[in-house]
Amino acid sequence: MMRIGMGYDVHLLTENRKLIIGGVDIPFTKGLLGHSDADVLLHAIADALLGAAGLGDIGRHFPDNDVQYKNISSMILLQKTRDLLRNKNYTVINIDATIIAQMPKMAPYIEIMRSNVAKVLSLDKEYINIKATTEEGLGFTGAGQGIAANAITLIEKCENHC
């Protein structure tokens, strides 16, 4: 059985934080505010995967009031999400994600992001698509107040353990 999931995340840009997106530390004057490292891309992907498997959302599994997740790398959260899916005999078929940010430009980091996600999910990079867009100065992302990401995924239930 195949299932589709969709995820979305947004975080406020703030001073004195690293900007981590797709597991990449991107040089920028601001970072994203959050309980973990606030990696909007990986959070959207995790939400898409959890939703496809009918396992709720990222907040249910990794709540922002739990000290064990304070400043945790979202790469670890994605690994934990992968394990939740494997425990339910799901395998990831593909992921398509979009980062929405006015600045900084994401293009120089997209291939590293794809590699990071592929490695964590044990997928060939060709099954991970990540792109970026601006909102032409419109809305909170266009005004440079925050960064958002959305993701969609296809997963498949295996007859035996994947």
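Contact here means heavy atoms within 4.5 Å of each other. Helices (H or I, at least four residues) and strands (E, at least two) are DSSP runs, numbered from the N terminus.

The model is a predicted one, in which local features need pLDDT of at least 70 and side-chain atom pairs count only at pLDDT 80 or more, while totals for chains, interfaces and linings use all residues. Residues are numbered from 1 along each chain as its sequence is written, and side-chain values use heavy atoms, with hydrogens and water left out.

## Overall fold

The protein chain holds five helices and seven strands. Read from the N terminus, its elements follow the order β-β-β-β-α-α-α-β-α-β-α-β. The C-alpha trace spans about 50 × 35 × 25 Å along its principal axes. The radius of gyration, taken over C-alpha atoms, is compared with a globule rule of 2.2 Å times the number of residues to the power 0.38. For 162 residues a compact globule would come near 15 Å, and the protein chain agrees with this at 15 Å.

Burial is expressed as relative accessible area: buried is under 20%, exposed is over 50%, and partly exposed lies in between (1.4 Å probe, protein chains only). By this scale 46% of the 162 residues are buried. Accessible areas come from the Shrake-Rupley method with a 1.4 Å probe, and for residues only the protein chains shown count as cover. The protein chain exposes about 8100 Å², of which carbon and sulfur atoms supply 52%. Among its contacts with a separation of 6 or more, 71% join residues 24 or more positions apart.

## Helices α3 and α4

Helix α3 covers residues 74–87, and its 14 residues reach 20 Å from the first C-alpha to the last, close to the expected 20 Å. The expected span of a helix is 1.5 Å times one less than its number of residues. Which residues of α3 are buried? They are Ser 74, Met 75, Leu 77, Leu 78, Thr 81, Arg 82 and Leu 85. These residues lie on the same side of α3, because they cover an arc of only 155° around the axis; the arc is that of the directions from the helix axis to the C-beta atoms. Their cover includes α1 (40–52), β5 (90–100), α4 (110–121) and β7 (146–157).

The N-terminal end of α3 is capped by Ser 73, which has a side-chain oxygen 3.1 Å from the backbone nitrogen of Met 75.

Helix α4 has twelve residues and reaches 17 Å between its first and last C-alpha, close to the 16 Å expected. Its buried residues are Ile 110, Met 113, Arg 114, Asn 116, Val 117, Ala 118, Val 120 and Leu 121. They pack against β2 (19–21), β3 (24–26), α1, α3, β5 and β6 (128–133).

## Buried polar residues

Ser 36 sits in the loop between β4 (31–32) and α1 and is buried, at a relative accessible area of 7%. Its side chain makes a polar contact of 3.3 Å with the side chain of His 43. Such a contact is a pair of N or O atoms within 3.5 Å; within protein, one must be able to donate a hydrogen and the other to accept it, and residues adjacent in sequence count only if both atoms are side-chain atoms. Beyond four places in sequence, Ser 36 is in contact with Arg 17, His 43, Tyr 69, Asn 71, Ile 72, Ser 74 and Leu 77.

Thr 141 belongs to helix α5 and is buried, with a relative accessible area of 1%. Apart from residues up to four places away in sequence, Thr 141 touches Ile 100, Gln 102, Glu 135, Gly 146, Ile 147 and Ala 148.

## Backbone exceptions

Most residues other than glycine have a negative phi, and most peptide bonds are trans. The table lists residues with a positive phi.

| Residue | Phi | Place |
|---|---|---|
| Ala 38 | about 65° | loop between β4 and α1 |
| Asn 89 | about 65° | just after α3 |
| Ser 122 | about 55° | just after α4 |
| Glu 136 | near 50° | loop between β6 and α5 |

Is Ala 38 buried or exposed? Ala 38 is buried, with a relative accessible area of 0%, whereas Glu 136 is exposed at 67%.

The peptide bond between Met 103 and Pro 104 is cis, with omega about -5°. Pro 104 lies in the loop between β5 and α4.

Gly 144 is in the loop between α5 (139–142) and β7 and is partly exposed, at 30% relative accessible area. The C-alpha atoms of Gly 144 and Arg 3 are 34 Å apart, with the two residues separated by 141 residues along the chain.
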